[in-house]
Every structure is written in C-alpha cells, then in structure tokens.
Amino acid sequence: MKHQQTSFISGRIKSVTYAVKGFYLLITTEHSIMVQLTISALMCILGFYLKISAVEWMFQILAIGLVLTAESLNTAIEAICDYIQPNFDKKIGFIKDIAAGAVTFAALTAVVIGAIIYLPKLI
Ligand SMILES: Nc1ncnc2c1ncn2[C@@H]1O[C@H](COP(=O)(O)OP(=O)(O)OP(=O)(O)O)[C@@H](O)[C@H]1O
C-alpha cells in the first residue's frame, strides 16, 4: 500500500515535470505561441493602463488561456501530422486546416471579449 502510494506520487510528479517541459518547449520554440504570448502581454499592459475591473481581468485571462491552449493543441496536432505524413496528403491538409479552425474559434472569442472590455473605454 505504502509502495503504491509512493509510485502514485512519483508518477504524478513525473507527469507534472513532463508538462512543465512541454510548456517550456512551447514558449521557447514555437513562433505561433511566442506571437500569442506577445499579444497577451500587450493586452495585459493595456488592462493595467486602462485599469480594467477584476471581472474584466478574469475574462481577459480566460480568453488568453483559451487562445494559448487552442494554439498549443494545434501545434501538437501539426507535429503529429508532420511525423506520420511528411509528404503532401489531402487528408493531412484537412486535419491541419480544421485544427487551425479551432484556433480561429478561440481567437474570435477573444476578440469579442476584448471588444466588449475595451471599446467602451477607448471610444
Ligand atoms: N502534409 C501536408 N499535406 C497537405 N497539406 C498540408 C500539409 N502540410 C501543410 N498543409 C497545408 O498547409 C497549411 C499550413 O500547414 P502548416 O503545418 O505549415 O501550418 P502553419 O500554421 O503554417 O504552421 P506553423 O505553426 O509551423 O507556422 C495546413 O493548414 C494545410 O492546409
């Protein structure tokens, strides 16, 4: 029982370590993530500058998390596609297109949230 508990805990610690490694890889090697992080940082500076409310911060952070998560999963799907089929393939093209479409859904959501928060303060 004690051994099982130890392996459960060490297994969880290993999983977190791999997840942190993946996070580090995403932010240091993936240009699309770097671009999204830069936009997110600029939005946060704007948020501080215009003193948005706590609820507005929550929505902004949710929108940023949504876009970064979608972009990260899209990157993973692209990597799988490139690994299993490096050559041109119509089905791979379709898979990559719909994965990118998911990012567009997230980005549109973030744009609408951003517009609701900032347009009344800027116009
Ligand atoms: N192996 C392939 N076969 C068919 N079409 C492909 C293939 N690879 C890419 N494509 C097409 O090119 C588009 C862009 O693919 P790519 O992997 O370059 O994505 P990207 O968003 O430009 O990636 P990155 O994050 O590297 O800039 C895909 O959505 C798809 O339409």
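Guide: Helices are DSSP runs of H or I with at least four residues, strands are DSSP runs of E with at least two, and both are numbered from the N terminus. This is a predicted model: local features need pLDDT of at least 70, and side-chain atom pairs count only at pLDDT 80 or more, while totals for chains, interfaces and linings use all residues. Residues are numbered from 1 along each chain as its sequence is written.

Visitor: Is Ile123 buried or exposed?

Guide: Ile123 lies in the segment after H4. A residue is buried if 20 or more other C-beta atoms, placed from the backbone, lie within 10 Å of its own, exposed if 12 or fewer, and partly exposed in between. Ile123 has 5 C-beta neighbours inside 10 Å, so it counts as exposed.

Visitor: How far apart in space are Ile123 and Val112?

Guide: In sequence, Ile123 and Val112 are 11 residues apart. From C-alpha to C-alpha, the separation in space is 16 Å.

Visitor: Which residue does UniProt mark as "active site", and is Glu71 buried or exposed?

Guide: The UniProt record, an unreviewed entry, puts "active site" at Glu71; UniProt positions follow the numbering used here, feature names are shortened, and annotations may be inferred rather than shown by experiment. Glu71 sits in helix H3, residues 54-84. Because 22 other C-beta atoms lie within 10 Å of it, Glu71 is buried.

Visitor: Which residues does Glu71 touch, apart from those up to four places away in sequence?

Guide: Two residues are in contact if their C-beta atoms, placed from the backbone, lie within 7 Å. Val103 has Glu71 among its contacts, along with Ala70 and Asn74, leaving aside neighbours within four places in sequence. By the same kind of count, the contacts of Glu71 are Ser32, Ile33, Gln36 and Val103.

Visitor: What span should H3 have, and what is the distance between its end C-alpha atoms?

Guide: The expected span of a helix is 1.5 Å times one less than its number of residues. H3 has 31 residues, so it should span 45 Å, and the distance between its end C-alpha atoms agrees: 45 Å.

Visitor: Which helix gives the most to the largest nonpolar core?

Guide: A nonpolar core is a set of buried Ala, Val, Leu, Ile, Met, Phe, Trp, Tyr and Cys residues joined through C-beta atoms within 7 Å. The largest one has nine residues: Ile33, Ala63, Ile64, Val67, Leu68, Ala70, Val103, Ala106 and Ala110. H3 and H4 each supply at least two of them. The most, five residues, comes from H3.

Visitor: Which helix gives the most residues to the shell around the ligand?

Guide: A residue is near a molecule if its C-beta atom, placed from the backbone, lies within 6 Å of it. Around the ligand are Ser32, Glu78, Gln85, Phe88, Asp89, Ile92, Gly93, Lys96, Asp97 and Ala100. The top contributor, with five residues, is the helix of residues 90-122, H4.

Visitor: How many residues of this shell are charged?

Guide: Ala, Val, Leu, Ile, Met, Phe, Trp, Tyr, Cys and Pro count as nonpolar, Asp, Glu, Lys and Arg as charged, and the others, Gly among them, as polar. The shell has three nonpolar residues and three polar ones, and its charged residues number four.

Visitor: How far apart are the farthest two C-alpha atoms of the "binding site" residues?

Guide: UniProt, in an unreviewed entry, places "binding site" at Tyr18, Glu30, Glu78, Lys96 and Asp97. They span 80 residues in sequence and do not all gather at one spot, because the farthest two C-alpha atoms are separated by 27.8 Å.

Visitor: Is Asp97 buried or exposed?

Guide: Lys96 is found in helix H4, and Asp97 lies in H4 too. Lys96 has 17 C-beta neighbours inside 10 Å and so counts as partly exposed. Asp97 has 9, so it counts as exposed.

Visitor: What is the phi of Lys51 near?

Guide: Lys51 lies in the loop between helix H2 (31-49) and H3. Most residues other than glycine have a negative phi. Lys51 is not glycine, yet its phi is positive, near 50°.

Visitor: How far apart are the end C-alpha atoms of residues 98-119?

Guide: The UniProt annotation "transmembrane region", from an unreviewed entry, covers residues 33-52 and 98-119. Residues 33-52 are 85% helix and 0% strand, with end C-alpha atoms 25 Å apart. Residues 98-119 are 100% helix and 0% strand, and their end C-alpha atoms are separated by 30 Å.
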